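Colleague: I have this one open beside me and would like to go through it with you. Please keep the terms clear as we go.

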Amino acid sequence: MKITLTYNLKRRDDSKRPDYFSECDSEDTVEAISTALRARGHTVQALDAEYPQLISYFKKNRIDMVFNISEGKHGRCRESQVPAILDYLNIPYTGSDTFSLALAMDKALTKKILRAENIPTPDFQLFISGEEKLNPDLKFPLMVKPNCEGSAKGISISSVVNDREAFYNKIKEIVHLYQQPALAEEFITGRELTVGILENIKTVILPILEIDFSTCKDSGEYFYSWRMKEYQGNKELGLTPSFCCPARLDRATEARIKEMALAAHYAVGCTDISRTDIRLSEDNTPYVLEINPLPGLHPRDSNFPVMAYAAGMEYEDLIAAILASASRRRGMN
Ligand SMILES: Nc1ncnc2c1ncn2[C@@H]1O[C@H](COP(=O)(O)OP(=O)(O)O)[C@@H](O)[C@H]1O
Ligand SMILES: [Mg+2]
């Protein structure tokens with residue numbers, strides 16, 4: 001197959017916030033996916049979606065399939081920008097479509113859909129101006145985060161607030177800094193889990209991954225904050241969470257969590273691949289935080305490949321499975 005790999009490269013730009021490019025991909029990921037596809041006999045052209053002639057490139061070059069990991073440029077619909085161009089030009093691509101990518105980027109809207117589907121998610125309230133009255137039913141501690149970001153952008157230990165004053169300060173900071181609504185959510189004390197779904201001939205729910213932050217106590221961080229994600233593995237900073245896959249869970253809880261992740265995948269309309277982030281509360285109730293239709297695919301550092309390895313797959317198999325699922329969906333094999 002003739003494949004174009006679309007991506008946005010993580011870059012350094014001191015004029016921007018330090019987390020500005022955190023969602024974007026590293027050269028290692030681009031290289032690893034290209035190599036995996038070539039190893040299966042495909043011709044691969046890697047294309048940075050920053051490329052100004054993106055549209056004319058796709059008009060000029062006949063492509064069988066786009067392997068899309070592009071995070072896009074800006075705005076709530078950024079992950080949909082490349083897929084929207086491809087939809088317009090009728091070029092097939094891997095992963096979720098324009099609509100699902102945009103929906104999943106809006107955490108509050110996604111949570112409304114989860115609620116409608118009876119999938120538990122923490123109680124929440126959206127703050128658009130930052131002046132709205134706090135719903136008295138919401139119980140402190142509350143987590144305050146930007147409504148439309150990924151890679152834990154805007155999420156730090158100061159995002160967990162215990163009183164009204166700290167709450168409104170954080171809400172206003174987020175609205176101002178990220179120029180978007182802030183999402184307030186009840187903080188779920190408990191375990192951090194993530195679940196990968198891979199549509200591969202039959203849909204597979206990968207072994208659940210637990211990220212355990214108890215080994216990071218000296219760092220002061222205790223959940224998947226931006227610092228934790230950005231500097232994951234840094235021993236000097238003490239940001240060395242342990243990964244356990246499959247997570248040690250009793251049978252019933254494991255089955256419940258897997259069922260929830262699959263239901264979330266379908267509720268958002270994801271295709272080929274998704275990763276659902278879950279917190280398991282101290283009373284053993286799982287809550288969906290969000291669904292990631294474009295999970296990171298770094299062969300060593302990203303959560304999704306870790307789960308695929310635990311299922312006995314090699315990196316090449318994972319990339320081949322995503323491509324095969326997209327091809328099958330389009331009636332191409
Ligand atoms: N309501 C919450 N309760 C407990 N932890 C949370 C909550 N919301 C976010 N977190 C922590 O912050 C991390 C990032 O939040 P998430 O909603 O998944 O955003 P992102 O899209 O940036 O990954 C989570 O993996 C979790 O560790
Ligand atoms: Mg997340």
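**Going through the model**

Colleague: Which residues does Gln81 touch?

Modeller: Not counting residues up to four places away in sequence, Gln81 touches Gly72 and Lys73, where contact means that the C-beta atoms, placed from the backbone, lie within 7 Å. Please bear in mind that this is a predicted model, in which local features need pLDDT of at least 70 and side-chain atom pairs count only at pLDDT 80 or more, while totals for chains, interfaces and linings use all residues. Residues are numbered from 1 along each chain as its sequence is written, with chains lettered from A and ligands numbered from 1 in the order in which they are written.

Colleague: And where is Gln81 placed? Why does it count as buried?

Modeller: Gln81 belongs to helix H3, residues 81-89; helices (H or I, at least four residues) and strands (E, at least two) are DSSP runs numbered from the N terminus. Gln81 counts as buried because it has 22 C-beta neighbours inside 10 Å, the rule being 20 or more other C-beta atoms within 10 Å for buried, 12 or fewer for exposed, and partly exposed in between.

Colleague: Switching to sheets, what is the strand order in the open one with four strands?

Modeller: The order is E4-E7-E5-E6, with antiparallel pairing; two strands pair if DSSP finds at least two bridges between them. Strand E4 (124-127) and strand E6 (160-161) stand at the edges with a single partner strand each, so one side of each has no neighbour in the sheet.

Colleague: Which helix packs on that sheet?

Modeller: Helix H6 (residues 164-178) does, touching E4, E5 (142-146), E6 and E7, and its direction makes about 10 degrees with that of E5, taking axes as lines fitted to C-alpha atoms, for helices over the stretch in contact, with angles from 0 to 180 degrees between N-to-C directions.

Colleague: How many bridges join E4 to E7?

Modeller: Four bridges join E4 to strand E7 (residues 182-186), and Leu126 stands opposite Leu183 in E7.

Colleague: What about E12, mostly covered or mostly open?

Modeller: Strand E12 (residues 273-281) is mostly covered, since eight of its nine residues are buried. E12 pairs in the antiparallel sense with strand E8 (residues 190-200) over nine bridges, and with strand E13 (residues 286-292) over six.

Colleague: How many residues lie between E12 and E13 in their hairpin?

Modeller: Four residues lie between them, and Asn284 in the turn has a positive phi of about 70 degrees.

How values were computed. Contact = placed C-beta atoms within 7 Å.
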